[in-house]
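Here are my notes on the model you sent over. I've put them as numbered points so you can check each against the coordinates.

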Amino acid sequence: MTKIIPLRFGGDNCYIIENGENAVLVDTGRPAIREKLLCALAPWKVRYVLLTHGHFDHVGNAVCIAKKYGAKIAIAQEDESLAQDNRTRAFGSRGLIGAFIRMASMAAIKKTQFETFTPDFYLQDGQKLDELGIDARVIALHGHTAGSVGIVAGGGCIAGDTIMNMGGVSRARIAEDFAGVDECLDKLRKTGAEWYYPGHGKPVSKKQMDRL
Ligand SMILES: [Zn+2]
């Protein structure tokens with residue numbers, strides 16, 4: 001049976017999708033959490049690293065994990081260049097908290113360094129992941145970034161930064177395209193997931209999602 005296991009490191013979330021012997025890591029956090037992530041991954045042999053989008057606080061340890069486990073890395077093609085340099089893509093904010101997050105993110109992007117990669121394969125809308133040994137599929141969530149994706153598995157949905165749960169459940173407070181983020185909400189609800197797993201903060205219930 002395929003299930004999602006949250007791994008939380010302060011504000012950054014990573015997830016293991018586990019099915020028997022098979023383990024896939026979704027997102028890798030920022031470089032500063034590297035040691036904690038490596039410790040937390042001890043029970044698994046990670047074969048694949050899937051990235052919900054190209055921001056540094058999601059791709060920051062992808063190369064390290066891929067090297068350690070001989071794992072393959074995948075991201076949507078639209079975010080490949082973003083993952084190589086976060087300064088290449090402009091993004092806006094919504095509300096006061098959003099403005100604060102945008103400023104903090106821009107400062108962090110300037111000073112954060114991490115190893116870049118060429119993806120082994122791309123993630124795209126509707127893609128089934130049974131070849132990876134898990135019962136899961138990809139949904140495109142264009143908005144927070146052009147190449148944002150979610151992963152639907154085991155009655156849940158890993159949603160990347162399309163939703164957040166920091167100081168309350170919200171839609172993405174920073175995004176390249178807010179109209180896109182708004183459209184993604186319906187797409188997420190249509191997955192029928194019972195739990196939604198954001199890039200930052202605690203899991204979000206179906207009920208909370210319906211109110212968003
Ligand atoms: Zn992000």
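1. Start with alanine 140: its bridge partner in S9 is valine 149. This is a predicted model, so read every point below with that in mind. The pair belongs to the antiparallel match of S8 with strand S9 (residues 149-153), which runs over five bridges.

2. Those two strands are part of something wider. Five strands make up an open sheet with mixed pairing, and the order is S8-S9-S10-S14-S15. Which strands sit at the edges? Strand S8 (136-140) and strand S15 (204-205) do, each pairing on one side only. If you're looking at side chains here, keep in mind that in a regular strand they alternate between the two faces of the sheet.

3. Now go back to the start of the chain. Strand S1 (residues 2-9) and strand S2 (residues 12-19) run antiparallel, joined by eight bridges. One register check you can make by eye: arginine 8 has asparagine 13 as its bridge partner in S2. The hairpin leaves two residues between the strands, and glycine 10 takes a positive phi near 60° there.

4. Helix H6 (residues 178-189) deserves a look of its own. Its twelve residues reach 17 Å from the first C-alpha to the last, close to the 16 Å expected at 1.5 Å a residue. Which of its residues are buried? Val181, Cys184 and Leu188 are. Looking down the axis of H6, you'll find these buried residues within an arc of 55°, so they line one face of the helix. On the face turned away from that buried side, H6 carries the exposed residues Ala179 and Asp186.

5. What covers the buried residues of H6? The cover includes S9, strand S10 (156-160) and strand S14 (195-198). It also includes strand S12 (169-171), strand S13 (174-175) and helix H7 (206-211). S9, S10 and S14 also appear in the order of the open sheet from point 2.

6. Finally, the overall picture. The protein chain has seven helices and 15 strands. Its C-alpha atoms fill a box of roughly 45 × 40 × 30 Å along the principal axes. With 212 residues, a compact globule would have a radius of gyration near 17 Å, and the chain's 15 Å agrees with that. Of those 212 residues, 42% count as buried. As for contacts with a separation of 6 or more, 63% of them come from residues 24 or more positions apart.

Definitions and conventions
Residues are numbered from 1 along each chain as its sequence is written. This is a predicted model: local features need pLDDT of at least 70, side-chain atom pairs count only at pLDDT 80 or more; totals for chains, interfaces and linings use all residues. Helices (H or I, at least four residues) and strands (E, at least two) are DSSP runs, numbered from the N terminus. The radius of gyration is taken over C-alpha atoms; the globule rule is 2.2 Å times the number of residues to the power 0.38. A residue is buried if 20 or more other C-beta atoms lie within 10 Å of its own, exposed if 12 or fewer, and partly exposed in between; C-beta atoms are placed from the backbone. Two residues are in contact if their C-beta atoms, placed from the backbone, lie within 7 Å. Two strands pair if DSSP finds at least two bridges between them. The expected span of a helix is 1.5 Å times one less than its number of residues. The arc is that of the directions from the helix axis to the C-beta atoms.
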